[in-house]
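Work through the exercises below with the sequence and the model side by side, and try each task before reading its solution.

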Amino acid sequence: MSRAGQRWRQARRIMTGEAGPGLAWTLAAVAMLSVLIAVAAPRELAAVQNSALRRALAPLPALEVSVTAQASWQVTKDGSGVLLPDGAQQLTGVLAGQVRPVPVAPAGQWASVFTTTLPIQNPTPGAVLSNPPTLEVVYRSNLASYARLVTGKLPGAVRQLAPRPGARHGILLVDAAVTPLTARRLGLHVGSLAKMNSYLPGHSKVWVRVTGIVAPRRPDTPFWQTDPTVAAPIIPLPTTGPDAAPPFWQSAALVGPAEMAQVQAAYGGSIIHGEWFTPLERGAMNQATLPGVLAHLSGVVTGNGGPALLQPLPAISGVPQGETTILTVSTGFPAAISGFEAQQRAAAALETLLIADVLLAALLVVVTCARLAASAYRPELTLIRARGGSARQVAGRVLARSACLAVPGAVAGAAVAVALTPAPPDGSPAAWLLGGLAAVAAAGIPALAAGWAHRSIRPGGDGRADLVTARPSWRRLVAELTLLIIAGATLAAGRLRGIGSGTDALSQAAPVLAAAAAALIAARLYPVPVRGLLRLAAGRPGPVGFLALARAARARIGALLPALTLVISLTLAAFGVMIVSSVTDSQAAAAWRQAGADVAVQAPLNTVVPAKLVRAVAAEPGVRHVAAVYELPGHGKVGSTLQPGGGTARPVGVVVVSAASYAALARDTPWPDFAAAPLARAGSTSTGTAVPVLASPGLGAVGGPATLTVGGNQLPVRVAGRTGPTAAMTAGTLVVLPAWAAARLSTLSGPNLLLATGSGISLPAVRAAVRHAMPGGLIRSRAQILAGLRGAPAPRAAAQLYWLSTGVAALLSVIALLFGLALTRRSRGQLIDQLTALGIGSRQARAVAVSEVLPLLAVAVLGTAVAGLVLAAVLGPALNLAVFTGAAGPVRVGPSLAAALPAAGIVVLGLAVVSVQSTAFLRRNVAAMLRQDAPG
Amino acid sequence: MAALDDLIAASRKAAPGDQQRRTAPPPGTVIFCDRLVRIFSVSGVETQALQGLDLEVTAGELTALVGASGSGKSTLLNILAALDQPTGGQAVVAGHDLLALGAAERLAYRRATVGFIWQQTSRNLLSHYTAAENIALPMKLAGASRADRRRRPAELLELLDLGDCAGRLTGELSGGQQQRVAVGVALANQPTVLLADEPTGELDSDTAAGVFAALRTANAELGVTVLIVTHDDMVSEHVRRTIAIRDGRISTEVLRRTQTDEHGQEAEVAQEYSVLDRAGRLQLPGEFVSTLGLRDRVRLALEPDHVGVWPDQPDPAVPGPLGSGPGAGTPVAPGPAQRHSEPGSGAPGGQSR
């Protein structure tokens with residue numbers, strides 16, 4: 001044999017041993033999968049969270065994703081205290097330094113110095129409102145990058161004109177640029193002069209000469225938005241009311257750095273304002289650093305930021321210490337991000353919970369695989385032990401083998417994880433740590449399992465326990481009881497404290513512990529009904545039922561580990577599905593609550609929904625039912641109460657409906673139980689007759705009289721039936737009044753709400769109809785509200801991760817099932833061989849073989865059902881899912897049909913695999929197999 | 001159950017720690033078993049595999065152990081190989097008290113003192129190893145040097161006439177070659193005792209002869225004491241000592257020796273002996289029991305040089321052939337030397353006391 005051939009044989013020997021390549025591939029695949037999950041899960045979590053953060057940050061105005069410092073100081077009469085452009089720029093760096101290590105976008109930074117506004121003395125007549133326009137002179141750094149020169153030139157000169165003969169003071173002629181809007185509004189053009197008096201007597205007058213017209217290059221940036229006057233003249237509010245001032249145009253002109261010092265000097269004695277703007281780098285922010293960013297910004301705003309900026313200001317500007325009157329550092333970022341952050345916090349707690357449990361399930365799969373390997377290696381390792389190998393040597397041998405398989409598998413898993421998931425900004429050390437641990441587990445656990453199985457010379461005791469030295473073992477019972485107690489305590493703690501409120505590992509493991517406890521209970525309980533069935537089967541003809549049940553009843557869950565893994569992974573899948581479906585249902589319900597119908601149009605105040613709008617909406621394609629109703633909230637300005645006969649008046653909401661059309665519409669909504677019949681007009685409708693109404697439970701007795709008061713007007717009514725929340729009023733206590741009786745209450749106007757149900761209703765068409773028939777009408781679309789709830793960054797990311805976790809859990813379930821079946825494959829084959837030798841038919845043999853997997857499947861289904869129900873009942877209310885739906889109360893997590901699908905799928909798959917296996921067994925040489933299986 | 005309790009109590013008397021009651025193996029004895037008991041339960045069914053077995057094998061012996069299936073042969077062999085632990089009694093192999101060994105000592109014992117061959121070749125050899133590598137494996141486990149691991153397999157393979165098979169994988173060897181390699185594996189660490197559990201059970205007679213020859217070679221040339229469990233007449237008839245085990249005890253022994261008659265002709269003579277255990281119990285061969293219709297109890301008579309055994313029948317005309325001395329066939333009047341013996345209720349085959 002060639003040298004290369006020898007090496008290859010040696011390598012193959014190390015990797016496969018006597019068990020063959022199938023197990024080697026399995027070990028490598030499990031190592032790959034576990035490392036893939038361990039590395040990918042934190043990376044995907046980070047990526048999804050960061051993506052959600054980016055989506056949340058994207059629509060925020062730049063002004064809110066920034067830190068701004070503002071200072072005001074007084075320039076003395078002698079001109080000291082003037083801030084030069086370099087000084088202003090220097091302070092920009094000081095502020096940015098304070099904001100760091102929060103990432104700052106240097107390209108967007110600017111400094112601004114601006115003066116008090118002064119009236120223009122020579123305005124064009126068109127620019128004068130009640131008062132003449134005012135002008136502030138603004139210096140803003142980086143003008144060239146934010147503005148485009150339309151005509152003329154950028155400012156760059158300042159001249160001090162000598163006082164005119166007879167004048168006491170000179171004139172400061174300042175070049176400046178204005179925007180086209182300012183130029184148009186004030187009637188300015190290149191070369192125009194805007195003349196202003198001095199701020200205080202004894203100073204130069206300031207004349208601004210327009211040298212150029214500049215158009216904003218990026219009008220949506222804070223450069224133009226911070227002070228809107230710079231971009232276009234505004235009329236300061238208020239212009240009406242008690243505090244009203246005569247309207248005038250307030251405008252600004254931009255000067256260059258050369259003019260800045262003289263302008264300040266010219267405004268000597270007045271307050272000069274400075275502003276420093278530091279935008280935060282959104283792209284550099286991530287979920288991991290967000291809490292630190294917020295904490296640091298809070299420190300900058302409330303602590304060091306102001307003083308740090310204040311300190312160098314006097315030195316830079318020459319303003320004596322203490323002359324700076326106001327200095328504030330502010331940011332709108334924490335407020336802008338707070339809603340998202342609350343959602344993300346709740347989502348992250350659940351995401352971490354699911355991912356931690358999926359990792360635990362993956363670990364159990366590794367342990368199950370190790371058990372499978374120990375079982376397959378048993379003949380080889382038994383021989384080695386018999387030949388003088390120690391348990392440590394056996395473990396070392398398996399370690400060498402599993403390491404040879406796990407390391408390439410782990411590398412492949414990590415590579416796939418890196419390829420599938422985006423790189424986290426911080427390099428995700430947690431992912432690599434978990435990946436390393438998973439690789440160590442994949443290599444080490446098979447070795448530990450083999451060492452443990454062969455700690456004695458007779459692996460597994462070979463069933464020949466010495467009768468004299470044998471002692472009954474309470475180990476399993478004690479271990480099971482301990483696990484049950486821990487699981488119970490963890491669930492109780494989780495229920496009391498809430499999941500995700502803390503970061504303790506135990507609460508994260510609650511679902512796994514609950515599933516493990518349920519699996520143990522199911523393993524203990526399942527033989528009881530089987531034995532009952534066995535008694536029934538004993539009296540029936542045919543061997544299959546009896547044989548199958550007898551095996552199922554007597555089979556020990558030798559493969560308890562696969563059953564445990566199966567229950568845990570299935571429970572995680574079911575739990576994930578339950579959470580997602582509960583959130584989805586809850587979001588749908590929230591959308592119904594907010595909209596009331598598929599489309600709702602609220603009439604403007606004191607407006608009635610016109611009949612033509614009702615007809616127009618009803619005619620839209622997809623609209624099934626339309627109802628125009630009047631709704632008056634119970635706690636609105638117009639008081640409405642219902643006083644049952646002899647009872648006390650209680651505030652109620654009032655809904656007036658046309659019973660027939662509303663009942664038809666209500667059937668399309670989640671509140672379908674609207675009883676139209678009791679509201680029908682019956683007999684006399686004279687003024688004194690009591691009007692039948694539907695009232696919320698607790699409002700008077702059904703059939704009893706009551707008095708409805710709306711805005712002081714009273715109407716005798718009779719409670720003809722009950723109503724719960726309904727499309728027109730989705731919350732609170734209410735009274736539904738028939739439309740035919742509405743005229744008897746003069747305080748009730750016509751319908752103010754139009755409700756429509758149907759599918760595929762064109763919102764633009766409805767909008768057009770509303771614009772045409774009822775301008776100002778407010779349209780609520782259930783689909784849009786739902787899309788808003790589901791599309792919110794944090795819930796969307798959470799749903800994405802839940803589905804992913806559920807998918808991984810389902811995959812782990814399949815693997816656990818296959819391992820469980822692999823562990824019992826030999827005994828199943830022996831059973832079929834024996835039955836075939838006894839002359840049983842192939843179909844019957846197959847049916848009995850299926851009984852081999854019944855314990856595993858029964859425990860899986862029972863355990864999953866128990867664990868799922870327990871988790872939903874105990875842990876469900878502790879989960880903070882309300883943030884995803886905007887619901888006031890907790891979101892109910894309940895069992896759903898979809899949650900049972902993974903377990904059902906596993907049962908079908910298990911039976912299919914066994915059936916196929918049985919067919920293969922039936923085709924082999926029974927005599928040879930029986931000889932091979934005979935004990936040696 | 002009472003019998004079991006008695007058995008356990010008897011074996012406990014010789015349990016480890018009760019040194020005063022322990023019997024020292026006679027000089028030259030390599031395998032020494034005294035009242036060896038092994039009782040275990042399989043799926044709740046109690047099995048008394050060894051019921052107070054006594055055995056002595058001297059150094060350098062080649063001994064066959066025969067008996068019906070389930071008689072306890074393999075259990076005995078596993079105990080001697082330190083692959084199983086007895087419930088009670090005494091088992092000493094090459095000076096190692098197997099009931100007193102700790103885990104590390106048992107490991108060292110398995111490495112250095114015994115070699116073992118199973119019936120199934122698949123249990124003896126690793127299929128992905130060559131013949132030489134299989135032999136080197138126990139040496140590696142025992143910490144032998146690399147040079148020894150290269151030298152010793154080659155020597156053993158030459159000795160076993162397998163020199164050309166050193167580089168072949170197990171699957172490339174015939175069944176007989178595999179079992180001979182297994183002999184080599186068992187001899188790798190130069191053990192004192194070689195234990196073989198039906199080594200020829202899966203082989204045809206020609207091939208079995210080759211394997212048996214290998215065992216004889218090991219015995220003759222390396223001086224290893226060999227104990228073979230076998231059903232193979234060819235094996236049992238070609239060893240000097242064949243021990244029959246029945247119901248967990250040694251029942252009979254056949255000793256073969258070469259005798260030279262008055263004409264100088266050499267002939268193999270086999271003589272069957274019944275074995276008397278240390279408690280004085282004797283198992284009568286089954287055919288003796290059935291021929292004379294012995295049941296329930298027998299009459300014993302002590303003669304000057306033998307013991308007479310008669311069926312418990314009132315008719316004295318039926319002589320008891322078991323007594324082979326001068327008094328055989330002659331009824332003996334009840335006296336101080338006479339006893340009535342009742343076979344053990346659970347032991348078929350006329351166990352006498």
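Two strands are said to pair if DSSP finds at least two bridges between them, and strands themselves are DSSP runs of E of at least two residues, numbered from the N terminus, while helices are runs of H or I of at least four. This is a predicted model, in which local features need pLDDT of at least 70 and side-chain atom pairs count only at pLDDT 80 or more, whereas totals for chains, interfaces and linings use all residues. Residues are numbered from 1 along each chain as its sequence is written, and chains are lettered from A and ligands numbered from 1 in the order in which they are written.

**Exercise 1.** Determine how strand 10 of chain B is joined to strand 11 of chain B.

*Solution.* Begin with strand 10 (residues 249-260) of chain B, which 9 bridges join to strand 11 of chain B, the two running antiparallel. Next, take one residue, B:Leu255, and find its bridge partner in strand 11 of chain B, which is B:Gln271.

**Exercise 2.** Place these strands in their sheet and find its edges.

*Solution.* In chain B, 7 strands form an open sheet with mixed pairing, in the order 6-7-8-3-9-10-11. Strand 6 (114-117) and strand 11 (266-274) of chain B each have a single partner strand, so one side of each is left without a neighbour in the sheet.

**Exercise 3.** State how confident the prediction is for chain A.

*Solution.* Chain A averages a pLDDT (the predictor's confidence in each residue, from 0 to 100) of 81, and 88% of the residues score at least 70. Among the elements of chain A, helix 12 (residues 391-420) has the highest mean, 92, and strand 13 (residues 465-466) the lowest, 58. Where pLDDT is low, the predicted coordinates should not be read in detail.

**Exercise 4.** Count the helices and strands of chain B.

*Solution.* Chain B has 10 helices and 16 strands.
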